Each structure stands twice: as structure tokens, then as C-alpha cells.
Amino acid sequence: MMDQQDFTGRTVLITGGGRGLGLAYARAVGQLGATVLLHDVGANTDGAGTDAAIAKNAVTALRHDGIDAFPFYAPIHTRDACHDLVQDCLAVNRRLDAVIHNAGWVGYERIEEVQEASFDHMMTVMAKAPLWIAQAAWPAMRQVGYGRIVVTTSCRALYPQYVQKGLASYAAAKMAAVGIVNVLADEGAEHGIVVNAVSPVAKTRLWGVEGEPEDLKPEAVAPGVVFLASEVCTEGGWILRAANGQFHATRAAEAEGVDYPRNLRAVRADTSAAVAAAWNRIAVMAREPRA
């Protein structure tokens, strides 16, 4: 097995890289030899505004540590903008080996308060942007037969027991990201492009934490993301849950012997009353592995 700790000669784009998790990822791959293309629009905690100094200052700090890094801070709110970012990134070393889409935003709106503008912004930042960036990077990766793409999702969307009130738009975007990963992992396999998701937990600015946290540190998530962005990671379609230095990979999997969609190997019912009568068995099958 090749050493996953060697990113020498690799060029890695990290969105949302100016602070928190993104900066931890940038420092981790940079210390392993990667050229870091650090993108951050410098938005405030409301998801609005721009501040080029966030990316520039982060790059200055990385360079001070001997890391080869370049700042990017143009908005990525449209397909064209995402394509422009990738073209600017490719101009640095004429290659793009990995993309880590960390840019995100958390905004709370209960169902009766959800606005179209905030919903669209969630989808733009956390679902559309990684799709458009992947689309733009795809030809260069396909040409060399190599690429790694890491998209961010959240356990706040994946698991009912972790949802929070007011995060319907956020959860929609994070679930959309999983669907995108599933399809791109399949499309990329034949071209050497490996696509996965990470579901990180860390106390950052979006958590409302300023300064160094005592636990749930961004640096404890970084090793898993470094792995997903490395050449050692050769299988796509996974969601890597990462928190407090612990990792667990999961993905949806169909039961053996299912002939989808004609035979789900499930409980049969031909009326709604029959579904109601069998619900305890139907719901149990959703929670427990089938024999």
C-alpha cells in the first residue's frame, strides 16, 4: 500500500478553507506536501457578505508554516462562477488532484418561517456548488485518470435522532449532497475519480464557538478527510462520520436477493388497511437487517 501521508506533487482545492474545519483540512494536506488552493468568500455567520481577507490571511498563515498555498475568494453562487474558480485553480499547477467542498452555512428557520431565499442559498452553497465544481474539474481529472472529490453532509440530516428544529433547508441541502455523491461515485469509477462524503462534527464558528475548543476539535476530523482526498482511498460512495478523532464509514445498502423494484423481499399488503395491520413488521424491517 502506498503511503497516504504523501501529497507531494498533488494540488488540492478546499472551499470554506479560511477557518474552522476547512483550515484544518488545508493545513493537514499542506503539511503532507500538497499545494493548497484555499477558497473562502469570507461570509459572516448569517451566510451573507464577503471578505477577501479571510482567505488571504489563512494563506499567509499556511505559507508561514512552509505550506505552498494560494487564496481564492470569488463567490461560487452560480454554475459559471464555480467553473471560473476551477479554471483559475487549474492555472496554478495545470492540475487539480482533489476537491474538498467544505463551504457551508447553518441558518435556523422553523417550518412556518422558511423563506425561499434562504432555502435557495442553502442549496446553492452545499448542493449546487459541489456539483458545479465537480463538473468543472471532471475533464481534467478524467484526462489523467485520477481525482478525489469530498463533499460535506451532516448527521443532522442523515439521522432522525440528531435533527434540530429549524434546519429543514439545511437538511435538504445536506441530503442532496449525499445523492450527488452516490451518482458521481458511480460515474467517476471508470475514470479513476473517487467521490465520497464526510459528515464532520467540530466546534467551530458555525457552532457558535470562538477560540480553541476543549473537545470536538476540527483537527480531529482532518485525518479522515485527508484519507478521502488521498490516492489510498480507492472506493467511492461512502459517508465518513468524523467526530472527536473517531471515524465510522456508512452508506445505504440494499438487502441481498432483492429484485428491485418488483420484489423487495418485504411484507406484502394489497390495501392500506393491510399496510396498517402489518406496520410493526414493516417498520421493524426498516430498522433491522433482513435475513
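In this predicted model, asparagine 102 has a relative accessible area of 13% and is therefore buried, since the cut-off for that class is under 20%. Asparagine 102 sits in the loop that runs between β4 (98–101) and α4 (116–144). A polar atom of its side chain lies 2.9 Å from the backbone oxygen of glycine 16. Glycine 16 also appears in the list of residues in contact with asparagine 102, once neighbours within four places in sequence are set aside; the others in that list are Thr15, Leu21, Gly22, Tyr25 and Thr152.

The nonpolar interior comes next. In soluble globular proteins, nonpolar side chains tend to be buried together. Here the largest nonpolar core comprises 41 residues, and the most contacts inside this core belong to Leu13, Leu96, Val99, Ile133, Ile149 and Val195. At least two residues of this core come from each of α3, α4, β5 (147–152), α6 (168–189) and β6 (193–201). The greatest contribution is that of α4, which provides 12 residues. Valine 195 offers a handy view of the surroundings of one core member: leaving out residues up to four places away in sequence, valine 195 touches Trp138, Ile149, Val181, Leu184, Ala185, Gly236 and Gly237. Another core, of 34 residues, lies apart from the largest one and includes Ala26, Val29, Val36 and Ala69.

A few backbone details may also catch the eye of anyone scanning the torsion angles. Most residues other than glycine have a negative phi, and most peptide bonds are trans. Against that background, arginine 94 shows a positive phi of about 60° although this residue is not a glycine. Arginine 94 is found in the loop between α3 (79–93) and β4. With a relative accessibility of 77%, arginine 94 is classed as exposed, because that class begins over 50%.

Arginine 265 likewise has a positive phi, near 50°, without being glycine. The residue belongs to the loop between β8 and α8. Its relative accessible area is 36%, so arginine 265 counts as partly exposed, between the cut-offs of 20% and 50%.

Proline 261 also lies in the loop between β8 (246–250) and α8 (272–277). There, the peptide bond joining tyrosine 260 and proline 261 is cis, with omega at about 0°. The β8–α8 loop thus holds both proline 261 and arginine 265.

Methods
Residues numbered from 1 in each chain as written. Predicted model: local features only at pLDDT ≥ 70, side-chain atom pairs only at ≥ 80, totals over all residues. Heavy atoms only, no water. Helix = DSSP H or I, 4+ residues; strand = E, 2+ residues; numbered from the N terminus. Buried < 20%, exposed > 50% of the residue type's maximum accessible area, 1.4 Å probe, protein only. Polar contact = N/O pair within 3.5 Å; in protein donor to acceptor, adjacent residues only side chain to side chain. Contact = heavy atoms within 4.5 Å. Core = buried A, V, L, I, M, F, W, Y, C linked by side-chain atoms within 4.5 Å.
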